[in-house]
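This report describes the fold, the packing and selected local features of one protein chain. The sequence and the structure are shown first, and the text then follows them.

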Amino acid sequence: MKLFLKILAGIVGVLVLAVAGVVTWATTMLDLNDYKADIEAQVEQATGRSFTIAGPIENEIGLDTRIKVTDITLGNADWGSRPEMVTIANFEVDLKPLSAVFGSPDIVKLHLTGVDALIETDDQGRQNTAMTPAGEASADEGAADTGETHGGGHGGGSGDIIIPILRDVRVADITVTLADAQTGESHQFVLDELTLSSNDPNEIVPLSLKAAFDAVPITMNGALGKPAAISGSEPWTIDINGDLAGLVLGIGGQIENAAAAEGIDIGVSVKSAEIGDLSPIVEQFAGQKVPALGPMDLGLKLAGDAGDGLAVQDFAFSLGTDALLKVDVVGGIADAMHAAGINLDVAVASPEIGLLSPIAKDFSGQGVPALGPMDLNLKVAGGLEDGVAVQDLAFTLGKAEMLTVLAEGGIADAINQAGIDIKLAVKSPEIGTLSAPVKEAVGQEVPALGPLDLSLAVNGGMASKLSMENLSLSLGTAKTLLVGASGRVDDLMKASGADLGVSVDSPDLSVLSKLAGSPVPPIGPVDVDATIKGDAGQPMTINPFTAKIADSDIGGSIVLDMTGATPNITARLSSEHFDTNDLTPPSEGGSSAGGSSSSASTGGASSDAGDGRIIPGDPLPLDGLKAVNADIEYKAKYLMAAVAELTDMDLKVKLQDGAVSIEPLDAKIGGGVLDGAIALDGSKETPSLNINIKGTKLDLASLLAGAGFKDKIKGPIDLNIGLAGAGQSPRAIAASLDGRSQISLYGSRILKKAFEEKVGSTVAGLLASEGGWIVIDCMVFDYPTKSGLMETKAGYVASGPITVVTSGEIDLNDESLDLNVKPKGGSIASVPLVVTGTLGSPSVIPDPVNIGVGILAGVLTGGIAPALLAVVGDLPEDHPCQASVKRSQEQAEQEPESSTGSSAVENPVKAIEEGVGGALKSIFGSD
């Protein structure tokens, strides 16, 4: 608007100067139409824009001079959205030229009507108000208008102020459009009419204004005081009342010396019958609604000198009603120009904070619980330079039968959140009484855990050190959940300098289901105790730490170091007895340790990626590995893991800059020994994985105890796994694996009923059984792997009189199978089979050449031992399977190939195919 008025004033000024320039021709009647071309050329030269006066110039030159010009156009920038920047329908001025010689210029009439102006900025930031005189180098078109004028004018020197006599000023039908292509915003100011009139500089000037900004109505009426008083000869008064879209405005008072802006004494008032009525206007400009909180009343007085310090006195702001929410602010500002010497008292009160819930939901989607009355009092003092302080803070919320919150203290520097000194106390006789109002407001229930008693003090600053002192917390009861804490934390932001005692006791954590918003399993009883200590600026130590969860226990020490750029955790933990089922109890109805009991169809397992593949192709979640460093040691005399039952376990985990290693991984499984190491390096651009695990004489019953096979399987197992790969996903790592996987079972037995439940009775009929047990006399598999290609080096199974030889490949690059299975002996038909397809959808057909490992692993282990994993190929001479392998090889060399013979299985192909499908699904977790 300032730019527009400057341009408009320039145009009018040219016309007024043209009038003044011909005063000396007062005795000669001139026709300015003869000079129209010269006037247009001068404006074009000054602005660099086209300028036309399409209408006639009416002029009367003399002691009473009158000029009227119509249909004026100033061109737009060449990049503008329309050819014209400004059009003026009518400009008329009547004046007495000689009055300027003898005193105040006497402007009898000044009328300006029918103006249409466009002030715009293009998508490159260029403004059409930036003009360059013709023939001069173009200025930076993207620079903002500085407000400087071209072509001289009066300097800043001293001199008497010349006050004109404004007898009849009328500005009407003015439209100014503001458009910004960079933001896409467009606004429009429409001035319907502005009138000023005065017959003498010593007379009060009446003012009348009617306008609108983006259809928001603006009206102003009143008086501006005597024009002559602007010179400072006497006080200049002002008395204006108006209406801005429902806001009633009032400005009244005087300035002792208007020329020097000294002795200001002006009162300002702003009122609204309902502040919410401003919502359509504010939403139009700021995209934000105004809540319907009730009436608003603002009053203040501006006093003093603009140069030496302008004060805001008698500031009084009131918003809302006692029935809903009432806000009162009183006080003043000693130096408003520099925001110094602030002294304001603030009071906020509500009879029931829950009454604000509909408003809060409308604005944020979050309700406010009906917790009771709220009362806030504080003082705001200081200034921007020295710091704005919040003093004498006193906050209360709630009612004794439900919840009470008390806070007191202050903040020395509220803007920078420094010098915080606040005490807080929260109490409730039963936290569950909050459930109804909280659920009504936010849809969340609160469990009836018992009483709450919390008190603490917070000191310091957010940017420096924020400490918590005198913490005392008690929540709940021993019958539900009892949480206790006491002590202090020297630096909350860095989690250092602590001296805390923490305890948690509960007979059953399922009581937290309402609080969590979802079912919490019935874990318990739970008993946790910890002492947290640490000096300021140093890591915090949790020692001792003890926890009992049902029959499981864990304890030791934990060091939490938050002083560096990356948090670091060091833990030394141990357990006498720990069962992971105590943390994740089975769902209602129990879990099926043996997996699906159906006889399985021909496959078709679904893939995470939807392309039929089983190994996930999603990127590994490696970012979390870089968020923290850790050094954790854990020992357990007895550990029931997800599947295996281990004793004398020794585990060390190190995580550093995204690389995690588990070494050693030592444990006893039954009478056997397991040792190994696993490393995943997520710090590399392409993450790498290394697995080295060796197991000797591991007890199958203990290995699979967690899967429900504790009393359903017998015998030892040896395994040796050494694999390495790299990739961004499990699928990519599998496709790059190099190494070897070996496994051997001997003298093992599987309960026939459990086996049938796993892979079906048809498959069970392929193997020998004794006394209700499936017989596995010997099983040996050995898979060297190169770039994801698993090639069968050794594949052999002996089950009573039945032997099976395996050969072929498994390609993890595309999960394809190319395996051959050749059974012999017993009552089954010696039908060579080939296994093709994929891990997700295997296919078994008769073939006289090869026999598949996927079938055998599925058939013989029923998904209990991984069919596509470790197998021992290079057996030591004293291995129990050596003799069986040799006998089988000799028998295979001596016996002729035959595809005939009686069989107890009507369709071995279908049986094995069903077994493969069920086994693979079990191995890879597909349903």
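In which strand is the place of Pro544? Pro544 is placed in strand S27, which covers residues 540-549.

**Basis of the description**

The model is predicted, so that local features need pLDDT of at least 70 and side-chain atom pairs count only at pLDDT 80 or more, while totals for chains, interfaces and linings use all residues. Residues are numbered from 1 along each chain as its sequence is written, and side-chain values use heavy atoms, with hydrogens and water left out.

**Overall composition**

The protein chain contains 15 helices and 46 strands. Helices (H or I, at least four residues) and strands (E, at least two) are DSSP runs, numbered from the N terminus. Of the 927 residues in the chain, 42% are buried. Buried means under 20% relative accessible area, exposed over 50%, and partly exposed in between, with a 1.4 Å probe and protein chains only. The accessible surface comes to about 44,300 Å², and carbon and sulfur atoms account for 56% of it. Accessible areas come from the Shrake-Rupley method with a 1.4 Å probe; for residues, only the protein chains shown count as cover. Among contacts between residues at least 6 apart in sequence, 51% join residues at least 24 apart; contact means heavy atoms within 4.5 Å.

**Nonpolar cores and a surface patch**

In soluble globular proteins, nonpolar side chains tend to be buried together. A nonpolar core is a set of buried Ala, Val, Leu, Ile, Met, Phe, Trp, Tyr and Cys residues joined through side-chain atoms within 4.5 Å. The largest such core has 132 residues, and the members that touch the most others are Leu403, Leu434, Phe545, Ile810 and Leu812. Leaving aside residues up to four places away in sequence, Leu403 touches Leu371, Leu397, Gly398, Val426, Lys427, Ser428, Leu434 and Leu452. Another core lies apart from the largest one; it has 40 residues, including Val69, Leu95, Val169 and Ile238.

Helix H6 (residues 435-442) has Ser435, Pro437, Val438 and Ala441 buried. Helix H5 (357-364) is included in what covers the buried residues of H6. After H6 comes Gly443, with a positive phi near 75 degrees.

On the surface, Met462, Leu492 and Met493 make a nonpolar patch of about 250 Å². Patches are made of residues with over 30% relative accessible area and no salt bridge; like charges are joined within 9 Å, and nonpolar side chains (Val, Leu, Ile, Met, Phe, Trp, Tyr) within 5 Å. Leu492 is partly exposed at 34% relative accessibility and sits in the loop between strand S24 (482-491) and strand S25 (496-506).

**Salt bridges**

Side chains of opposite charge can pair when their charged atoms come close. A salt bridge is a side-chain nitrogen of Lys or Arg within 4 Å of a carboxyl oxygen of Asp or Glu. By this rule the count comes to 23 salt bridges. The table gives examples.

| Pair | N to O distance |
|---|---|
| Asp64 and Lys96 | 2.6 Å |
| Glu234 and Lys226 | 3.5 Å |
| Lys465 and Asp490 | 3.3 Å |

Asp64 lies in the loop between strand S2 (57-60) and strand S3 (65-75), and Lys96 lies in strand S4 (residues 84-96), so their salt bridge ties together parts that are 32 residues apart in sequence. Lys96 is partly exposed, at 32% relative accessible area. In the second pair, Glu234 is partly exposed at 26%, and Lys226 is partly exposed at 28%.

The salt bridge of Lys465 and Asp490 links distant parts of the chain, 25 residues apart: Lys465 is in the loop between strand S22 (452-460) and strand S23 (466-476), and Asp490 is in strand S24. Lys465 is partly exposed at 38%, whereas Asp490 is buried at 16%. Elsewhere, salt bridges that share partners join Glu58, Arg66, Glu92 and Lys109 into one network.

**Backbone features**

The peptide bond from Asn543 to Pro544 is cis, with omega near 5 degrees. A cis peptide bond also joins Gly524 and Pro525, with omega about -5 degrees; Pro525 lies in the loop between helix H7 (513-516) and strand S26 (526-533).

Asp214 is not a glycine, yet has a positive phi of about 50 degrees. Asp214 is buried at 14% relative accessible area and belongs to the loop between strand S9 (206-213) and strand S10 (216-223). Asp648, likewise not a glycine, has a positive phi of about 50 degrees. Asp648 is found in strand S32 (residues 645-656) and is partly exposed at 44%.
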